[in-house]
Protein chains: 2
Amino acid sequence: MTISTKDRIFYTSLDLFSQRGFSGVSIREITREVGIKESSLYNHYRNKEAILEDILTFFRNDFAKTLPPIDALDDILQKSTVESFLKAGHRNFKKYMEDENGQKMWRILQVEQYRSSLAREIILNDLFKTTIQFLEIVFSKLIAMKKIRPLNPKMLAIEYQYPVFTLLTEYNILKFDGKDTSEVEFLLDQHVLFFFETIRIG
Amino acid sequence: MTISTKDRIFYTSLDLFSQRGFSGVSIREITREVGIKESSLYNHYRNKEAILEDILTFFRNDFAKTLPPIDALDDILQKSTVESFLKAGHRNFKKYMEDENGQKMWRILQVEQYRSSLAREIILNDLFKTTIQFLEIVFSKLIAMKKIRPLNPKMLAIEYQYPVFTLLTEYNILKFDGKDTSEVEFLLDQHVLFFFETIRIG
DNA sequence: ATTATATACTAACGTTCGTTCGTTTACAAT
DNA sequence: ATTGTAAACGAACGAACGTTAGTATATAAT
């Protein structure tokens, strides 16, 4: 089973958009890379804009799967220590970071954020808000379980997650230039440790 | 004294690039807005790319002025409490955030980061690295003065500054859509407080 | 008064843009 | 065998792109 033309258009556009932005990439470039004529692209996508929409909604659906369902939370939190829970989430996030297509989607999101209201919505709601709300619930539960110090759960969520976003931005830029990312990865580890020290009891 | 044509080109481009990106804005759009013919623009700028370069270097020089010189640091740190020092820096940063042109420069920087190696360099060196190095020195000095707990200065810098960058990103997107930013501003205040609690002695 | 310089203009250049049209090809369903 | 459908194609559309050349005009320097 080989990759469909539509998928090849999708991944080629993903790659090109992430490097030069939507306006910086022409239909001719995309189709040349895919190996079809310009006119053939319109058998698969209504127009150029529809390719971007497709990419953004794909990211949206894909990212939604990364957070564990709230129902399963109590179970997970009971079974594991705070430290191992944080480390597991952190491993998960890192895996997402290392995925090449994930990096490209993130880049497109950043680059198109002021041109596309959908991009802004995804950043604000799906990335920021959803993640913070999830973590807020996690920390609330951990406080109720007396597993961590009784600090403001929302602030804990912010203090934990927001540095990660900036580190991810840094990571992405370095990766783009093929530079060494070991320091950023080290800082990410250190951040999780630092945060754990802040919240732990005693 | 009225604004020169070159400056009008500069600020018009700043405005348009920040909304639609470099590739999304044409010379004709810029000159139409400025009120001159396309050809006249080339009396002031070598080509389109030179306008972007000009904007980016302007930001670079402008941002360099925001951090106080290291020589003056000991004096400042002696005279003020840790809390008031943090709050002053925070006020300073906020003022920068609220400046309309500052917002536009920041947006261009984000939007062009993968198209322009200069943009990447500015983000990585001038924004991230310089700020962290400055704060690292600050925290080192504060630790030596026994004004804060003896934690890793670099990690303190990261923990303090990196959430601010993400909050700034959020702030900028909200501002772009004319939405309410009071929650983000509140979170910024809370972050400074939270951080102060983490580092203070006793 | 003249000359020089800066900055504006008109006109156009060659290229590329996104998209549409009508046609051909390949393959599956009848 | 035929018909239907999806997906490829060549060719072209008008519009917009960045940039250049040559020229006019206004201001300042001689």
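How far is a phosphate oxygen of DNA strand C from a polar backbone atom of Val25(A)? In this predicted model, the separation is 3.4 Å. The neighbouring position in the sequence, Ser26(A), also takes part. An N or O atom in the side chain of Ser26(A) is 3.1 Å from a phosphate oxygen of the strand. Chain B contributes too: a polar side-chain atom of Thr5(B) lies 2.7 Å from a phosphate oxygen of DNA strand C.

These contacts belong to a wider surface. In total, 17 residues surround DNA strand C. The closest are Arg28(A) from chain A and Thr5(B), Lys37(B), Ser39(B) and His44(B) from chain B. Of the strand atoms that come within 4 Å of the protein, 44% are sugar and phosphate atoms. By class, the surface holds 8 polar, 5 charged and 4 nonpolar residues. Three helices each supply at least two of its residues. Chain A provides helix 2 (27-34) and helix 3 (38-41). Chain B provides helix 3 (38-41).

Chain A was then examined as a whole. Its secondary structure comprises 10 helices and 0 strands. Along the principal axes, the C-alpha trace spans about 65 × 35 × 35 Å. Chain A has 202 residues, and 50% of them are buried. Among contacts in chain A with a separation of 6 or more, 70% join residues 24 or more positions apart. The accessible surface of chain A is about 9,700 Å². Carbon and sulfur atoms account for 51% of that area.

Methods. Residues numbered from 1 in each chain as written. Chains lettered and ligands numbered in written order. Predicted model: local features only at pLDDT ≥ 70, side-chain atom pairs only at ≥ 80, totals over all residues. Heavy atoms only, no water. Near = heavy atom within 4 Å. Polar contact = N/O pair within 3.5 Å; in protein donor to acceptor, adjacent residues only side chain to side chain. Helix = DSSP H or I, 4+ residues; strand = E, 2+ residues; numbered from the N terminus. Nonpolar A, V, L, I, M, F, W, Y, C, P; charged D, E, K, R; others polar. Buried < 20%, exposed > 50% of the residue type's maximum accessible area, 1.4 Å probe, protein only. Contact = heavy atoms within 4.5 Å. Areas by Shrake-Rupley, 256 points an atom, 1.4 Å probe, with all protein chains shown as cover.
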